[in-house]
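Work through the following exercises with the sequence and the 3D view side by side. Try each task before reading its solution.

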Amino acid sequence: MSTAPHTLPAEQQANSTSEQRKRTRLVLVGTGSRAEMYVRAALGDHASSAELVAISDTNPGRVEYYLDLAEELSAETDVAQFRPEELTQFIRNNGIDRVIVTTPDYTHADYIVEALEAGADVVVEKPLTINAEGCRRICEAIERTGRGVVVTFNYRYSPRNSALKEIIQSGAIGTVTSIDFSWMLDTVHGADYFRRWHRQKENSGGLLIHKASHHFDLVNWWIDDVPERVFASGGLRFYGDSNAVGRGLTDRPERGTSDSAAGDPFALDLREDEKLNNLYYANEHHDGYQRDQDVFAPGITIEDNLALVVDYASGATLSYSLNAHSPWEGYRVAVNGTLGRVELEVVERAAVSGSTDQKNVVDPSATPVQEDDAVRINGERLILQRHWEPAVEVPIVNGEGGHGGGDALLLMDLFEGPGEDPLGRPSGYLDGLRAVAVGIAGNASLESSLPVRISELGLGADLTANRAADRASKAAVRRG
């Protein structure tokens, strides 16, 4: 593997005019767990259309982790590295077409704007950004440069979510009048947001931005509508030091990777997971970042219980709730219409084991598990019931891989370019903007205890405008 702070060697630059130059030249900025999906895709199934040129991060140890993975996946491919502060120069000097951003949420706006102005399109992991200022900066940069931005919403591609979209879009339930949506994160996956950098709202925007932007995008996409007004309520009621004291959980270890944390069901010992150990624990000496902080420690500023009412332009209303300390993981959504109702129930993990000798997968949606109990069973069920008719169950056909095969479909669209999709799953920057708009308005409502109109946030774009600009943005990114 090579280090290329500014310009690649002449022989690699020559490839720019060769047959290989027809592939989209990529750089990846950010080397957390999510980066692996893109590295494997670019060097595996989509190597004929994508060329991973370089990887960058503020932590050199994690960069080396992914450079080693790249060499393992494709020994003949020489992936370079550069420092994040050299992004503009690297893009311009090396003919980079697209930047994939998988950095912490609070950095997204900076990297997106810089990449656009340097002449590259951007693919960014959700959320688009965490606040109104970031939204404005991104929208202004898109307008100024004419470049494209895609926000990856892999939940759209999950077969069960696509099946729900098909029913609503078919008109089977008529005009949508309201949506009830509850999301349960369990005491493994939900707790994980309180171990990491996400635990501080200034880094992640809280769960209304980091996690729920997925959920708000689903609703926006399911009903093909635009959110207008948000009222929110919630707080930190389970995790954090004050809640721990109230339940007698005192004198706790500062982190899970310690012998003193053995037996604690809320502790994450990085040494017990090969990837987490090699990616984070072995590299924390570079920057001091600890991936396994105690969920009952001081300094947590995000909420773990949230409820929202969202009014849509069509007149439909969403009632949404999120709980991050549930004993099971999954979600329930019901969409009411003028002709009936459709319900989707998903159990991704039926029960969490508190046993010290049984380890639980952190994210059961990405890595399917089978942990049923006597009453609740892992699985999914989609039920349609029209007025004056009995209920019918609608079959869901899953694929292989994470999120029911949804990740593979997303990557196909990103790297090969989507064809005509009657469900409209490929997402652009306006989709990302509409999703974070609900969370940004929700955070403002939490602060004021009042409803917040999204149009008054000054996000930099008209969310109700014609979607031609969004389609053009997505097309620009596909062209590379």
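**Exercise 1.** At what angle do helix 5 and helix 6 pack, and how far apart are their axes?

*Solution.* Begin by keeping in mind that this is a predicted model. Helix 5 and helix 6 pack at an angle of about 10°, and their axes are 9 Å apart. Because angles under 35 degrees count as roughly parallel, helix 5 is roughly parallel to helix 6. Next, look for the residues that make this contact: helix 5 contributes A109, D110, I112, V113, L116 and E117, while helix 6 contributes G134, R137, I138, A141, I142, R144 and T145. Finally, sort them by class, which gives seven nonpolar, two polar and four charged residues in the contact of helix 5 with helix 6.

**Exercise 2.** Determine how many residues of helix 5 are buried, and find what covers them.

*Solution.* Helix 5 spans residues 108-118, and eight of its 11 residues are buried, so that the helix is mostly covered. The buried residues are H108, A109, Y111, I112, V113, A115, L116 and A118. Now turn to the surroundings: the elements that cover these buried residues include strand 1 (24-29), strand 4 (98-101), strand 5 (121-125) and strand 6 (149-152), together with helix 4 (87-93) and helix 6 (132-145). Just after helix 5 comes G119, whose phi is positive, near 110°.

**Exercise 3.** Trace the order of the strands in the sheet, and say which strands lie at its edges.

*Solution.* The sheet is open and is formed by six strands in the order 3-2-1-4-5-6, with parallel pairing. Its edge strands are strand 3 (80-81) and strand 6, each of which pairs on one side only. Looking more closely at one pair, strand 5 and strand 6 run parallel and are joined by four bridges, and V123 stands opposite V150 in strand 6. To place a helix against the sheet, follow helix 2 (residues 35-43), which lies across strand 1, strand 2 (50-56), strand 4, strand 5 and strand 6 and runs at about 145° to strand 2.

**Exercise 4.** Decide how many disulfides there are, and whether C135 and C139 are buried or exposed.

*Solution.* A disulfide requires a pair of cysteine sulfur atoms within 2.5 Å, and by this rule the count comes to zero. For C135, the nearest cysteine sulfur is that of C139, 6.5 Å away, and C135 is in no disulfide. The relative accessibility of C135 is 0%, so C135 counts as buried. C139 is likewise in no disulfide, and C139 is buried, with a relative accessible area of 7%.

Conventions. Residues numbered from 1 in each chain as written. Predicted model: local features only at pLDDT ≥ 70, side-chain atom pairs only at ≥ 80, totals over all residues. Heavy atoms only, no water. Buried < 20%, exposed > 50% of the residue type's maximum accessible area, 1.4 Å probe, protein only. Helix = DSSP H or I, 4+ residues; strand = E, 2+ residues; numbered from the N terminus. Contact = heavy atoms within 4.5 Å. Pairing = 2+ DSSP bridges. Axes fitted to C-alpha atoms, helices over the stretch in contact; angles between N-to-C directions. Parallel < 35°, antiparallel > 145°, perpendicular 65-115°, else oblique. Nonpolar A, V, L, I, M, F, W, Y, C, P; charged D, E, K, R; others polar.
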